[in-house]
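Student: Hey, can we go through a structure together? I'd like to ask things as I go.

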Amino acid sequence: MSAREIFNIDMAMGYLAWALCIATYIWPRLRAMDRVEAHRAIATFNSFRFCGLAFLLPGFVGPNLPQGFATPVAYGDLATALLAILALLTVRVRFLFWPLVWAFNLVGLADLLIDTARAVSLDLPSVAGQLGAGYAIPMLYVPALFWTHLLAFWLLLRPERAPAPSAAAPMSLVATEKGI
């Protein structure tokens with residue numbers, strides 16, 4: 001198999017595996033949470049995007065990784081991480097928290113889409129080995145980030161309502177006064 005085929009299969013499988021994981025385990029819990037808590041969870045996950053700076057580290061990535069890919073990825077991820085961290089720090093100041101939640105999700109999703117377009121235009125799959133240890137980032141972390149941004153927008157755009165009951169919530173076995 002060629003590097004391009006392996007890259008494309010790995011990326012498709014990453015998106016599929018995360019979609020299944022999120023649909024089964026994450027979305028039911030986020031949907032059941034208080035709106036602020038759900039966005040805090042998503043912001044916490046995105047706060048680790050500073051790891052994208054590793055694309056600038058010689059030795060972590062190969063010397064022939066296109067800088068036209070590595071540099072924008074690194075700084076786009078850093079910007080998203082900083083916005084997510086600011087959202088987490090301002091959770092008690094709601095007039096700051098909500099704009100920062102919108103900002104990190106807009107910047108973060110735009111960054112992922114632009115980076116994907118850039119990877120295609122630079123034919124990144126043909127030099128996938130130049131990603132070095134960073135290969136895991138677009139295969140494992142990027143698909144999860146993509147889906148969490150979509151969930152964040154779904155939560156932001158839907159009307160606010162009481163949290164849905166969670167499948168993980170304990171059921172009461174206590175009988176009421178009227179009996180069972």
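Tutor: Here is a short chat about one residue, the disulfide search and a pocket. It's a predicted model, where local features need pLDDT of at least 70 and side-chain atom pairs count only at pLDDT 80 or more, while totals for chains, interfaces and linings use all residues. Residues are numbered from 1 along each chain as its sequence is written, and side-chain values use heavy atoms, with hydrogens and water left out.

Student: Okay, where does D111 lie?

Tutor: D111 lies in helix α4, residues 94–121. Helices here are DSSP runs of H or I with at least four residues, numbered from the N terminus.

Student: Is D111 buried or exposed?

Tutor: D111 counts as buried because its relative accessibility is 8%. Buried means under 20% relative accessible area, exposed over 50%, and partly exposed in between, using a 1.4 Å probe and protein chains only.

Student: And what is D111 in contact with?

Tutor: Leaving aside neighbours within four places in sequence, D111 contacts R49, P72, V73, G76 and D77. Contact means heavy atoms within 4.5 Å.

Student: New topic: how many disulfides does a search of the whole structure find?

Tutor: Zero. A disulfide is counted when a pair of cysteine sulfur atoms sits within 2.5 Å.

Student: What about C21, buried or exposed?

Tutor: In between: C21 is partly exposed, at 26% relative accessible area. C51 is also partly exposed, at 36%.

Terms used: Helix = DSSP H or I, 4+ residues; strand = E, 2+ residues; numbered from the N terminus.
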